[in-house]
There are 2 protein chains.
Amino acid sequence: MTSGTQAGVFAEVAQGADLAAATLHGSLVDPALESMNFLNEIAGRYPDAISFASGRPCEQFFDVGLIHRYLDAYCEYLTTERGFSTVRLNQALFQYGRTNGMIGELVARYLETDEGIAADPAAIVVTVGFQEGMFAVLRALRADQSDVLLSVSPSYVGLTGAARLADLPVWPVRGGDDGIDLDDLVTTVRRARSAGLRVRACYLMPDFANPSGVSMSLATRRRLLEVAAAEEILLIEDNPYGTFHSGEHLPTLKALDTRRQVIYIGSFAKVGFPGARVGFTVADQRVAADSGHVSLLADYLGRIKSMITVNTPAVAQAVIGGKLLLNDFSLAKANERETAHYLANMRRLLDGLHRRFPAGSPVTWNTPTGGFFAVVTLPFVADDELMEYSARAHGVLWTPMSHFYAGAGGSHQARLACSQMTPQALEEGLDRFAALVADRLS
Amino acid sequence: MTSGTQAGVFAEVAQGADLAAATLHGSLVDPALESMNFLNEIAGRYPDAISFASGRPCEQFFDVGLIHRYLDAYCEYLTTERGFSTVRLNQALFQYGRTNGMIGELVARYLETDEGIAADPAAIVVTVGFQEGMFAVLRALRADQSDVLLSVSPSYVGLTGAARLADLPVWPVRGGDDGIDLDDLVTTVRRARSAGLRVRACYLMPDFANPSGVSMSLATRRRLLEVAAAEEILLIEDNPYGTFHSGEHLPTLKALDTRRQVIYIGSFAKVGFPGARVGFTVADQRVAADSGHVSLLADYLGRIKSMITVNTPAVAQAVIGGKLLLNDFSLAKANERETAHYLANMRRLLDGLHRRFPAGSPVTWNTPTGGFFAVVTLPFVADDELMEYSARAHGVLWTPMSHFYAGAGGSHQARLACSQMTPQALEEGLDRFAALVADRLS
C-alpha cells in the first residue's frame with residue numbers, strides 16, 4: 001500500500017477480487033433490489049412455471065415490419081409536412097439532436113387527442129422511457145439532505161430505484177381503496193416539515209396503479225389537487241396503463257391541473273412498444289433563477305438529461321413518431337386489439353378467482369377495472385420463501401406485495417399480473433395458484 | 001403557508017414563478033454549465049458564423065436508407081446465425097430486453113478486430129451513448145463524501161457534468177504534452193489520501209483527447225498502468241476518436257491492461273452514428289459482496305442502468321449491430337472515407353495556421369496527429385467575452401479552453417474543431433480567425 005490515511009480502491013477486498021461492493025454506492029446493495037434480483041433468479045430457475053409475475057405487454061401484435069413502416073412514415077412527415085431537404089432529413093436521423101427531443105409536437109398532439117391534456121411542446125422532454133424522466137425529475141428536485149419525496153404506498157419499484165439513485169428518501173403515504181389516503185397525505189407532509197424536511201413532491205399512479213391495480217375516483221382526483229395546492233407540494237403523475245380503458249375514462253390529474261402542480265411522466269413502452277424505450281415528461285412549472293430569469297422546469301430537466309443520455313436516440317424517436325402519425329395521434333385507437341386483450345384477461349382473472357375461491361373463502365382480492373395487475377389477500381404470509389416454494393412445488397410465479405412497501409406492508413398479499421397470458425395459461429395458472437393455497441391451508 | 005418549520009416548494013419564489021432554481025440540485029446552477037449554455041446561445045445568435053466550436057462528426061455520408069439496411073442485417077443475423085423464430089425476432093426488437101444489452105457479443109468482436117481488446121461479453125454493458133456509461137460508473141464509484149475522482153485536465157465536459165450529477169468532486173491532474181503528468185498524478189493521489197479522501201479512479205482520453213488533441217506515447221501508457229497499479233487506482237479510458245487514425249495505431253490502455261485496472265468506455269457516436277446513441281462500457285473488475293460472492297462490475301453497472309434507462313433501445317442496438325455485421329466488425333474499415341476526411345482536415349487546419357502565423361508569430365498551437373481538435377495559444381485572453389466579439393465582429397466561432405479547466409487554466413487558449421468543415425469553410429474560417437488576432441493585437 002501507498003502512504004496516506006486512506007487505502008486504495010483495491011484494499012480490503014477478498015482474495016482474487018478487485019473491489020468491495022461495500023465501497024460502492026448504497027443503491028447497489030439495497031435489500032429491495034437484492035430481493036427483486038432473487039425473484040428474477042427464481043423465474044429463471046423455473047422456466048416452465050406459469051408466470052403471474054411479469055407485467056410486460058402482450059406480444060402477439062409485435063411485427064418487425066412495422067419498424068420500417070414507422071420509420072418511413074416519420075421520414076415522409078419530415079419531408080412533405082415539414083419541408084425537410086434530404087440533407088436535413090439525414091441530419092435529423094443521424095446527427096446529435098436537440099436535448100429535449102424532436103417529437104415533442106407529435107407527443108403534444110397525442111396528449112391532446114387521447115388524454116385531453118393541453119401541453120406546450122416546449123414543456124415536453126422526450127426521454128429514454130419513463131425511467132429516465134423519473135430519474136431526471138428526482139435528481140432535479142433533490143438539492144440536499146433536507147429533501148424528501150412522498151409516494152403512495154405500495155409503490156412502483158422504478159420510482160423507488162430512481163429515488164435511491166438520487167439519494168432522495170421516500171416517505172410512504174397510504175394508498176388504500178381510493179388510490180390515496182388524503183388525510184394521511186396531509187399528516188405526512190406536516191410530519192416531514194416538523195422534522196425540518198422539505199417535501200418536494202408526491203408520486204402516484206391514478207389509473208390502474210402498479211402494483212395495486214387501484215384507480216382514483218374523479219372526486220379523489222379533484223380533492224387531491226386541492227390538498228396539493230393547500231399544502232404547496234408538487235404531484236408526479238405516472239400513467240403507463242391508462243390508455244387501456246373500457247370507455248369509462250377519467251381525466252388524468254394533468255388534464256385537471258390549472259395551477260401547474262402536476263409533473264406528468266408518460267411512456268410509450270406499453271402504448272407504443274418497449275423496444276423503442278421512448279417516454280416523455282411534461283414539466284410546465286416555471287422556475288425562477290437567482291437572476292430573476294424565468295424558464296420552464298423542462299429546460300432544467302434537459303440540462304440533467306444532457307448529462308445522462310445527451311438526447312433520446314433519434315432512431316427510437318422516429319419510430320414512435322411514425323406510429324403516432326400513422327394512427328392520427330390516438331394510441332387508444334392504435335391499441336384497440338391490445339385493450340380488448342387486457343380487459344378480457346382482467347375479467348378472466350377476476351372470474352377465475354371467484355370460481356376457485358367462492359364467497360366465504362379466506363382468500364380475497366380487489367377488482368381493478370383495467371390495467372395489468374390485481375392483488376390477492378391470503379390467510380398466510382406470502383413472502384419470497386413461499387414464492388420459491390410456489391415455483392418449485394406448484395409451477396406458478398407471482399410477486400409478493402411486500403416488495404412494494406418501504407417498511408411493513410403487504411405481508412399476506414400477492415400481485416397477479418395478467419397482461420401477457422393466453423386464456424389457457426391463465427386458467428391453468430389459477431388452478432396451480434389454488435393448489436398452492438390448498439396446500440398451505442392443509 | 002401550512003404549519004411546520006419548512007416552507008412548501010412554492011415558497012420564496014418570485015411573483016409568477018412556481019419554483020426557485022436555488023432549491024434544485026446544484027448541477028443545475030453550475031457556472032460551467034451556464035457558460036456552456038452561453039456559448040450555445042452565441043452560436044444560435046450568429047448562424048452565419050463559421051464554426052470551429054462544433055466537434056460533431058461529418059455528415060456527408062449520412063443516408064437514411066442505411067438505417068433500413070442495418071436493421072435488416074441484424075434481423076437476418078438473428079434468424080440465420082442465431083436461429084431465432086419469427087416470434088423470438090419480434091420479441092427481441094419490440095419487448096423489454098436484457099439490461100446490459102443484446103449486442104454485447106458483436107461489440108466484443110469489434111473490440112477484438114479494431115482495438116485488440118479481448119473483452120468477455122459478460123463484462124460489456126451496452127449504454128445510451130458514452131454519457132450513460134460514464135454516469136453509471138461514477139454513480140457506482142461514489143459511495144459517500146470521502147470519494148473523489150481524478151481527471152486529466154483539461155477535461156471533457158461530459159465527464160465534468162456526469163461527476164456533478166453524481167455529487168462526486170473532480171480533482172485535476174496536469175495533462176501537459178504527454179497526455180498526463182505522472183508525477184502530478186502520484187502527488188495528487190497522495191494529497192487526496194492525506195486529506196482523508198478515497199481516490200476512486202482517474203479519467204482520461206489517451207487517443208486524440210477532447211479538448212487538447214493530445215495522444216499518449218506507448219511509453220507513457222505503460223508507465224501510467226504501472227503507476228496506477230502501484231497507487232491502487234482504477235483508470236477510466238474514454239476513446240471516441242481513436243479509430244480515425246492514419247495507420248500509426250497505438251494500443252489502448254485496455255488492450256495493455258493485464259490487471260483489470262482499466263474501465264473502458266466506448267461509443268458508437270462517431271464510428272457508428274450519433275443518432276443511434278449507442279455506447280458501451282467494458283467493466284471486467286471483480287466485485288466482492290459482503291457475502292463473499294464475486295461478480296463483475298458490469299453487473300453492478302447494470303443495476304444502476306436499470307434505474308436510469310432500464311435498457312438501451314432495442315431498435316438502436318439493432319441498427320449498430322447491423323452496421324458491425326455489414327462491416328466484418330471493423331469500424332476502422334467502415335470509416336475509411338470519414339477517416340480520410342478527418343485527417344485531411346486536421347492537416348489543412350495545421351497547415352493553414354502555419355501559413356497565417358509564420359515562425360516568430362506570438363500565436364502557437366499543438367500538432368495533433370488525428371482526432372477532431374487542436375489548441376491554439378494566443379498572446380491575449382481568450383474568454384467568453386472575446387468569443388462573443390469574435391462571432392459578432394469577425395463571424396467565427398471557437399471554444400475558450402478555460403471551459404475545460406475546473407479552476408484556472410487555458411485562459412489564453414482556443415480549441416479549434418475541424419471535424420465538420422468543408423475545405424472552403426475551413427480556409428475562410430482561418431482567415432477570419434487571423435483577422436480576429438490582428439484586430440486584437442492592433
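The following conversation concerns a predicted model with chains A and B.

Q: How many residues does each chain put into the contact?
A: Chain B contributes 96 residues and chain A contributes 95 residues.

Q: And what is the make-up of the side of chain B that touches chain A, in nonpolar, polar and charged residues?
A: On that side of chain B there are 51 nonpolar, 27 polar and 18 charged residues.

Q: What turn and shift lay chain B on chain A?
A: A turn of 180° with a shift of 0.0 Å along the axis superposes chain B on chain A, and the RMSD is 0.0 Å. This is the relation of a two-fold axis.

Q: Why can one say that the copies meet through the same surface?
A: Of the interface residues of chain B, 99% are interface residues in chain A as well, so the same surface is used by the copies.

Q: Which strands pair across the two chains, starting from E1(A)?
A: E1(A) is joined by two bridges to strand E10 (residues 286–288) of chain B, and the two run parallel. Within this pairing, Ala20(A) has Ala288(B) as its bridge partner.

Q: What about strand E10 of chain A?
A: Strand E10 (residues 286–288) of chain A is joined by two bridges to strand E1 (residues 19–20) of chain B, again in the parallel sense. Here Leu19(B) is the bridge partner of Val287(A).

Q: What is the strand order in the open sheet that holds E1(A)?
A: The order is E1(A)-E10(B)-E11(B), an open sheet of three strands with mixed pairing. Its edge strands are E1 (19–20) of chain A and E11 (294–296) of chain B, each of which pairs on one side only.

Q: Which helix lies across those strands?
A: Helix H10 (residues 297–308) of chain B lies across E1 of chain A and E10 and E11 of chain B, and it runs at about 70° to E11(B).

Q: Changing topic to chain A itself: what is the order of its open sheet of four strands?
A: The order is E12-E13-E16-E15, with antiparallel pairing. Strand E12 (364–365) and E15 are at the edges with a single partner strand each, so one side of each has no neighbour in the sheet.

Q: How is E16(A) joined to E13?
A: Five bridges connect strand E13 (residues 373–377) of chain A with E16(A) in an antiparallel arrangement. Thr377(A), for instance, is opposite Gln413(A).

Q: And how is E16(A) paired with E15?
A: Strand E15 (residues 399–400) of chain A pairs with E16(A) over two bridges, also antiparallel. Pro400(A) has Ala414(A) as its bridge partner.

Q: Is E16(A) buried or exposed?
A: Five of the five residues of strand E16 (residues 413–417) are buried, so the strand is largely enclosed by the rest of the structure. Gln413(A), Arg415(A) and Ala417(A) point one way, while Ala414(A) and Leu416(A) point the other way.

Q: What is the situation for strand E7 of chain A?
A: Strand E7 (residues 234–238) has five of its five residues buried, so it too is largely enclosed by the rest of the structure. Leu234(A), Ile236(A) and Asp238(A) point one way from E7(A), and Leu235(A) and Glu237(A) point the other way.

Q: Which strand is joined to E7(A) by four bridges?
A: Strand E6 (residues 198–204) of chain A is, and the two run parallel. Ala201(A) stands opposite Leu234(A) in this pair.

Q: Turning to helix H14 of chain A, which residues are buried?
A: In H14 (residues 384–394), Met387(A), Ser390(A), Ala391(A) and His394(A) are buried. Viewed down the helix axis, the buried residues fall within an arc of 115°, so they line one face of H14(A).

Q: What does the face turned away from that buried side carry?
A: That face carries the exposed residues Glu385(A), Arg392(A) and Ala393(A).

Q: Which residue follows H14(A)?
A: Gly395(A) follows H14(A), and the phi of Gly395(A) is positive, near 65°.

Q: Finally, where is Gly266(A)?
A: Gly266(A) is in strand E8 (residues 262–267) of chain A. Gly266(A) is buried, with 30 other C-beta atoms within 10 Å.

Q: Which residues is Gly266(A) in contact with, leaving aside neighbours within four places in sequence?
A: Gly266(A) is in contact with Asn239(A), Gly279(A) and Phe280(A).

Note on methods
Residues numbered from 1 in each chain as written. Chains lettered and ligands numbered in written order. Predicted model: local features only at pLDDT ≥ 70, side-chain atom pairs only at ≥ 80, totals over all residues. Contact = placed C-beta atoms within 7 Å. Nonpolar A, V, L, I, M, F, W, Y, C, P; charged D, E, K, R; others polar. Pairing = 2+ DSSP bridges. Axes fitted to C-alpha atoms, helices over the stretch in contact; angles between N-to-C directions. Least-squares fit on C-alpha atoms with pLDDT ≥ 70 in both. Buried ≥ 20, exposed ≤ 12 C-beta atoms within 10 Å, placed from the backbone. Arc of directions from axis to C-beta.
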